[in-house]
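Trainee: Could you take me closely through one part of this model, beginning with a single residue and working outwards to the sheet around it? I would like the reasoning spelled out where a cut-off matters.

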Amino acid sequence: MTSALLTDQYELTMVDAALKDGTADRRCVFEVFARRLPDGRRYGVAAGLGRFLTALTEFRFGDEEIGFLRDRGVIDEGTARWLADYRFTGDVRAYREGEVFFPNSPVLQVEGTFAESVVLETLALSIFNADSAIAGAAARMVSAADGRPLAEMGSRRTGEWNAVAAARAAYIAGFGATSNLEAGRTWGIPTMGTAAHAFTLLHDSEEAAFRSQLDALGDGTTLLVDTYDIEAAVETAVRLTNGRLGAVRIDSGDLPSVVAAVRAQLDRLGAPATKITVTNDLDEYTIAALRAAPVDSYGVGTSVVSGSGHPAAGMVFKLVAHQTPAGDEWVPVAKKSADKVSTGGRKEAGRRLRNGIATAEVVLTSGRVGPDERALLVPVVTHGEVDPTFLGVAGVEAARAHHKRAKAELPVDASRIGRGDPAIPTLVI
């Protein structure tokens, strides 16, 4: 398995040209950052680091990939030989996965030769843009849920492998489970799921469907009660379990009023411990609107896997510095295009804190992070060797724990779901 062709053609045509003109081995620093947050968002969540590092270890050009590139006329023989020996030998620093970020936060910093670094642009952006968009949306939903658990169940609303990555990003941001079994196998995420409306429709009666599910999964299961008449379904569910049913799921209707009615009915029928979970096209706004309703948990699909209206985090991958031809001095470089101005130079970044609460994102083009600032960039690749701490199931759990700590540092109003400016300013010094 190789990730080498998960890229845009111009990455390799640049390498081809740089090899010819002698600039391919010039030492460079590239940074990944977002010039702005999605409209109205107060912070972003950096996600995808573990997936990127895994893909980096798989970034190899074999005979099949090189043959394809030759046949298409993308590269010449000299570049083909260079690609056959490609191994990233540089250094990477990054915000820890799960960290919150703000405009111009250097969430990923790649240092190496121009050629070995520039070919990673598309790979880095495709992972970080998608995963960070999903994690950012998921974090808002977690805030809206106000402590009540959420499950990701959007596999049918995105690509099959995108679904696995989406479940991972949502879990890092605080979701408690996923319906996707591959995400459970690959990343160790708790999985959940019971039955759809089709199972009820298959049987000759709703009661027969409920009996079948209860026989298979026990009284602690969750019964879907809105296929026909909700009130009748709840009565049947309670009767069949003698009030010991684990939960009911509601997937339609005016949720605040329906949930209130179902809660009252469950209590009246002697099932006060039976929980209510709701689904039905939820996003952070509908979850917030249900805060006063007696909902016990939420299942979210389309909105979370699509970034809740913002499917990309707006990140870019830019060259910020390169060495002189003699290799004895670093030269800061930056775009000056209208609306796309960047700041040159290798950055340091710190979160300025007062009494444990963030007051500013400090991005330095020289100097070191101050004593009242938490350093944000950590080494993840050194001389081409990936730090295994950030990989696999353990890496996901560490990212989830770090996100919880980082989010706790934000000002209280950062969790407000309504539109607003970034929760703290970014100071580029």
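Mentor: Arg-35 is buried in this predicted model, because its relative accessible area of 16% falls under the 20% that separates buried from partly exposed residues. Arg-35 lies in the loop between strand S1 (27-34) and strand S2 (44-45). Leaving aside residues up to four places away in sequence, Arg-35 is in contact with Pro-103 and Asn-104, with Gly-314, Val-316 and Lys-318, and with Lys-335, Asp-339, Lys-340 and Val-341.

Strand S1 is itself mostly covered, with 7 of its 8 residues buried. On one side S1 pairs with S12 in the antiparallel sense over 7 bridges, and within that pairing Ala-34 has Met-315 of S12 as its bridge partner. S1 is also joined to S5 by 6 bridges, again with the strands running antiparallel, and here Val-29 is matched with Glu-111 of S5.

These pairings belong to an open sheet of 7 strands, ordered S13-S12-S1-S5-S3-S17-S18, with antiparallel pairing. Strand S13 (330-332) and strand S18 (385-386) stand at its edges, and because each has a single partner strand, one side of each is left without a neighbour in the sheet. At the S13 edge, 3 bridges connect strand S12 (residues 315-323) with S13 in an antiparallel arrangement, and Gln-323 has Trp-330 of S13 as its bridge partner. Helix H2 (residues 49-57) packs on this sheet, where it touches strand S3 (91-95), strand S5 (108-113), strand S17 (377-382) and S18, and its direction makes about 20° with that of S17. Helix H6 (residues 121-145) likewise packs on the sheet, touching S1, S5 and S12, with its direction at about 140° to that of S12.

In the loop that lies between H2 and helix H3 (63-71) we find Phe-59, and in the loop between helix H4 (77-84) and S3 we find Tyr-86. A search of the whole structure finds 7 aromatic pairs. In the pair formed by Phe-59 and Tyr-86, the ring centres are 5.4 Å apart and the planes stand at 70°, so the pair is edge-to-face. This pair links distant parts of the chain, the two residues being 27 residues apart. Both Phe-59 and Tyr-86 are buried, and together with Phe-61 and Trp-82 they form one aromatic cluster.

As for annotation, an unreviewed UniProt entry lists residues 5-129 as "domain: Nicotinate phosphoribosyltransferase N-terminal". Over residues 5-129 the chain is 42% helix and 18% strand, and the C-alpha atoms at the ends are 18 Å apart.

For parallel pairing, we can turn to strand S11 (residues 297-300), from which Ser-297 and Gly-299 point one way while Tyr-298 and Val-300 point the other way, and all of them are buried. Strand S6 (residues 150-152) runs parallel to S11 and is joined to it by 3 bridges, with Ala-151 standing opposite Gly-299. Strand S10 (residues 275-278) is also parallel to S11, through 2 bridges, and Thr-277 has Ser-297 as its bridge partner. From S10 the chain crosses through helix H13 (residues 284-289) to S11, and this β-α-β crossover is right-handed.

Conventions:
Residues numbered from 1 in each chain as written. Predicted model: local features only at pLDDT ≥ 70, side-chain atom pairs only at ≥ 80, totals over all residues. Heavy atoms only, no water. Helix = DSSP H or I, 4+ residues; strand = E, 2+ residues; numbered from the N terminus. Buried < 20%, exposed > 50% of the residue type's maximum accessible area, 1.4 Å probe, protein only. Contact = heavy atoms within 4.5 Å. UniProt positions renumbered as here; feature names shortened; annotations may be inferred. Pairing = 2+ DSSP bridges. Right-handed = clockwise from strand over helix to strand, strands pointing away. Axes fitted to C-alpha atoms, helices over the stretch in contact; angles between N-to-C directions. Phe/Tyr/Trp six-rings, centres within 6.5 Å; stacked < 30°, edge-to-face > 60°.
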